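Please look at the chain below and the molecule it holds. A short tour of its parts follows.

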Amino acid sequence: MTASSRHRADVVIVGAGSAGSVLAERLSRDPRRRVVLLEAGPAAPLSGPLDTLPIGPSSSYVRGYTTVDRGLSIVRGRGLGGSSAVNGGYFLRWHRSDLADLVERGPWSAQRIEAAYRELDDAMSVSPWHDDELSDASVAFENYWSARGDVRDPDDPWPIVGLNRVRSNRRGRLRFSAFDGYLGAAISRPNLTVVSGADVERVRGGDTAVSGVDVVVDGGPVRFDAGQVIACAGTIGTGELLLRSGLVAGPLKLIEHREVLVRYRRRHVGTLPPTVLQSVVHTADGCEIRCYTDDFARFIDGVPGSGPAVGVAAMSPGVPGRLGSAGGEVTVDLGGPSAQWSAGAVDDAVGSVVQMLTSAEFADIVEPDSVAVQQDPSTSQHACATLPLGAATDWTGAVDGVDGLHVVDGSILPCAGRSGPHATIMLLACLIGDDLIG
Ligand SMILES: Cc1cc2nc3c(=O)[nH]c(=O)nc-3n(C[C@H](O)[C@H](O)[C@H](O)COP(=O)(O)OP(=O)(O)OC[C@H]3O[C@@H](n4cnc5c(N)ncnc54)[C@H](O)[C@@H]3O)c2cc1C
């Protein structure tokens, strides 16, 4: 690809992450459709053990952003597989109740949703963590909560209010990304061109239709003409691109799962657990209690130690924030304490975590008097729902009033969900991909 060159495709997909990998595979099944997939990150797919989160300061597989919250920065995956190649490998479905509105208003029956989640379980190699793989903290956490509430059978794929063993996309203890599950199988198709190191600067077109994209590849400008552009650049990347292109008006509302960390010191440092998170509790008022298996510093290179923690995340309805732009730069505001704080849901869950960490179940793990609640809420790295399905877009992610422009990624989640977003972003990519090729 030479500088200033110009190319044609039927469809241009921006971003080879969780959703873009699915869309590229689906849309290139028909050999007559010329699909170009443009990815800003490196060409070599990332693999490796789940006990390493490749998101430290020197990783070339993430892009960092600062937020308006002083001192709070966020990262997003960058490369083939996008955030699915660097995330925590937690792959829980949304609760059925999170999907009820989608089933009622949207084109997909509960059976189609179930079938698409089942496809993902196979394609993404999803399985629960097994008893003999649990860390000491996860065992204590499960012992504590199973004596106090409902417990989901780990093989049941639908989460419950109560104790949920995490289901994970993995091969043994290795990561299994959307590249592994989808894009890798399609990448050698002659009608699919994947260009890495390709930073899409602008979606071209007038106010009412797109005509392609302007990209920088290897420092030089390249232009792709196409009647259909699908933005799969992730919530932040897509928002940034469409705001810069003048195709949506900012600021956009977003939803984040802000999280309060309850830290403690360990009596003994044990062997490195196989992953960061194996077990969670979902509360009746929409919080997720996360038993992190150890200090994040043990999983992320270049991050200073801050001690192990249990997190309480405000999942549903989540915390409203904003995505905008100022001086050509994207601005991210993850929002502050919200309705779930004023209703007491977060403080109640934090109180129950403090009680748990001082219980008999944790006596061999937690150093006495070391439990401390971190004051400033942290982030789950889940910002989503800037262009919700059925509101800002139609049910194929088509943006109102701009012919040929679709958005399929975390931006279109219709709400925040009681579980993490990964499985459900991929679910929407499967369903919309089927509808687009159907
Ligand atoms: C560190 C971390 C841990 C997480 N852990 C979990 C978890 O365990 N479970 C869970 O449910 N969720 C988790 N998440 C969230 C989840 O992984 C993401 O919400 C999901 O992967 C997002 O998918 P996506 O398709 O919207 O975007 P992404 O997968 O982020 O893909 C976007 C892609 O677009 C590319 N891109 C962006 N802008 C451009 C541009 N202008 N030109 C070209 N390419 C561009 C990016 O490089 C990237 O590859 C985590 C997220 C992070 C960052």
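Which helices and strands each supply at least two residues of the shell around the ligand? They are helix 1 (18–27), strand 5 (73–77), strand 11 (198–205), helix 6 (234–244) and helix 9 (422–437). Helices (H or I, at least four residues) and strands (E, at least two) are DSSP runs, numbered from the N terminus.

This is a predicted model, where local features need pLDDT of at least 70, side-chain atom pairs count only at pLDDT 80 or more, and totals for chains, interfaces and linings use all residues. Residues are numbered from 1 along each chain as its sequence is written.

**Around the ligand**

The ligand is surrounded by 42 residues. A residue is near a molecule if its C-beta atom, placed from the backbone, lies within 6 Å of it. The closest are G15, G17, G82, G237 and G420. Helix 6 gives the largest share of this shell, four residues. Sorted by class, the shell holds 16 nonpolar, 21 polar and five charged residues. Here Ala, Val, Leu, Ile, Met, Phe, Trp, Tyr, Cys and Pro count as nonpolar, Asp, Glu, Lys and Arg as charged, and the others, Gly among them, as polar.

**Two domains**

The chain is divided into domain 1 (6–66 + 73–89 + 176–250 + 384–437) and domain 2 (130–165 + 258–314 + 337–373). These bounds come from an automatic or database domain assignment. The domain centres, taken over C-alpha atoms, are separated by 32 Å. The contact takes 12 residues from domain 1 and 14 residues from domain 2. Two residues are in contact if their C-beta atoms, placed from the backbone, lie within 7 Å. On the side of domain 1 that touches domain 2, four residues are nonpolar, six polar and two charged.

UniProt lists two domains of its own, both from an unreviewed entry. Its positions use the numbering given here, its feature names are shortened, and its annotations may be inferred rather than shown by experiment.

| UniProt domain | Residues | Helix | Strand | C-alpha end distance |
|---|---|---|---|---|
| Glucose-methanol-choline oxidoreductase N-terminal | 10–247 | 27% | 26% | 20 Å |
| Glucose-methanol-choline oxidoreductase C-terminal | 372–429 | 14% | 9% | 40 Å |

**The core**

How many residues does the largest nonpolar core have? It has 134, and V12 and V14 make the most contacts inside it. Helix 9 provides the largest share of this core, nine residues. Domain 1 and domain 2 each give the core at least three residues. Such a core is a set of buried Ala, Val, Leu, Ile, Met, Phe, Trp, Tyr and Cys residues joined through C-beta atoms within 7 Å. Buried means that 20 or more other C-beta atoms lie within 10 Å of a residue's own; exposed means 12 or fewer, and partly exposed is in between.

V12 is in contact with V36, L38, G212, V213, F224, A226 and V229, leaving aside neighbours within four places in sequence.

**Two valines**

V200 lies in strand 11. UniProt places a "binding site" feature there, in an unreviewed entry. Why is V200 counted as buried? V200 counts as buried because it has 26 C-beta neighbours inside 10 Å. Beyond residues up to four places away in sequence, V200 touches V14, L38, V213, V215 and L241.

V281 sits in strand 17 (residues 277–282). V281 is buried because 28 other C-beta atoms lie within 10 Å. Its contacts, leaving aside neighbours within four places in sequence, are W145, G162, L163 and I289. V281 and L99 are 182 residues apart in sequence and 19 Å apart in space, C-alpha to C-alpha.
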